[in-house]
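Visitor: I would like a close look at a single part of this protein, and an account of how that part sits in the rest. Please take it step by step.

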Amino acid sequence: MGLFSFLKGKPKADLVQLMRDGAKLVDVRTKGEYSEGHAKGTSNVPLPEIPTKAKAWKKDEAIILCCRSGMRSGAAVSQLKQMGFTNVHNAGSWNKMQNLIQQK
C-alpha cells in the first residue's frame, strides 16, 4: 500500500461477481428507450419511478443500474443511497451492462 493510496478512494465493486451472486439489474431509461434495446436480464424502472418502486426492494440487496450513458443511473444510485440503500452500483451504459452480463 503506497503512501498516497488513500487518494484512490474506495475500490470499485466487482459487478460481474455481484451478478453471479444474483444482483438486481435495473435499466432506468424510459420505456420507449428500453423497448428499442436493452441488456438481457435487466428490468425497466424509469428514473422518475425509482423512489416508488424501490420501496419494495431490500435495502441491503445488490442493485446494479444502467441507462444510456451512465448519467441517469448515477442519479438513481444517489437517490437510492439517500433512501438508505447500501449496495447500489452504476454500471454506466446498457451496452456496458450487456458486456458484463456476457462475462457472467
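How many aromatic pairs does a search of the whole structure find? Please start there and then go on to the sheet, with strand β3 as the part to look at closely.

Guide: This is a predicted model. A search of the whole structure turns up one aromatic pair. Its members are Trp 57 and Phe 85, arranged edge-to-face, with 6.5 Å from centre to centre and 80° between the planes. Trp 57 belongs to the loop between α3 (50-53) and β3, and Phe 85 to the loop between α4 and β4, so the pair ties together parts that are 28 residues apart in sequence. Both Trp 57 and Phe 85 are buried.

The two loops lead to β3 and β4, and a word on the overall layout helps to place these strands. The protein has five helices and four strands, and from the N terminus its elements follow the order α-β-α-β-α-β-α-β-α. The four strands make an open sheet with the order β2-β1-β3-β4 and parallel pairing. At the edges stand β2 (43-44) and β4 (88-93), each with a single partner strand, so one side of each has no neighbour in the sheet.

Strand β3 stands between β1 and β4 in the sheet order. With β1, strand β3 pairs in the parallel sense over four bridges, and with β4 the parallel pairing runs over five bridges. Ile 63 can be followed in both directions: Lys 24 stands opposite Ile 63 in β3, and Ile 63 in turn stands opposite Val 88 in β4. Ile 64 has His 89 of β4 opposite.

As for cover, five of the five residues of β3 are buried. From β3, Ile 63, Leu 65 and Cys 67 point one way, while Ile 64 and Cys 66 point the other way, and all are buried. β4 is mostly covered as well, with five of its six residues buried. For the protein of 104 residues, the buried share is 40%.

The residues of β3 also lead into the nonpolar cores. The largest core has 15 residues, and those touching the most other members are Val 26, Val 28, Ile 50, Trp 57, Leu 65 and Leu 80. The elements that give two or more residues to this core are β3 (63-67) and α4 (71-82). A second, separate core holds 14 residues, among them Leu 25, Ala 62, Cys 66 and Ile 101. Leu 65 of the largest core and Cys 66 of the second core point in opposite ways from β3.

Across the pairing with β1, two residues show what β3 touches. Leaving aside neighbours within four places in sequence, Val 26 is in contact with Ile 63, Ile 64, Leu 65 and Cys 66, and also with Ser 43, Val 45, Ile 50, Trp 57 and Met 97. Trp 57 of the aromatic pair is thus found again in this list of contacts. Asp 27 lies in strand β1 and is buried, with a relative accessible area of 0%. Residues up to four places away in sequence not counted, Asp 27 touches Cys 66 and Cys 67, along with Tyr 34, His 38, Thr 42, Ser 43, Asn 44, Val 45, Pro 46 and Trp 94.

A helix also lies over this part of the sheet. Helix α5 (residues 94-103) lies across β1 (24-27), β3 and β4, and runs at about 110° to β4. Asn 95 is found in helix α5. With a relative accessibility of 43%, Asn 95 counts as partly exposed, because that value falls between the limits of 20% and 50%. The C-alpha atoms of Asn 95 and Ala 39 are 6.7 Å apart in space, although the two residues are 56 residues apart in sequence.

Links between distant parts of the sequence also show in the contact count for the protein. Among its contacts with a separation of 6 or more, 65% are between residues 24 or more positions apart. The accessible surface of the protein is about 6,500 Å², and carbon and sulfur atoms account for 54% of that.

Key. Residues numbered from 1 in each chain as written. Predicted model: local features only at pLDDT ≥ 70, side-chain atom pairs only at ≥ 80, totals over all residues. Heavy atoms only, no water. Core = buried A, V, L, I, M, F, W, Y, C linked by side-chain atoms within 4.5 Å. Buried < 20%, exposed > 50% of the residue type's maximum accessible area, 1.4 Å probe, protein only. Contact = heavy atoms within 4.5 Å. Pairing = 2+ DSSP bridges. Axes fitted to C-alpha atoms, helices over the stretch in contact; angles between N-to-C directions. Phe/Tyr/Trp six-rings, centres within 6.5 Å; stacked < 30°, edge-to-face > 60°. Areas by Shrake-Rupley, 256 points an atom, 1.4 Å probe, with all protein chains shown as cover.
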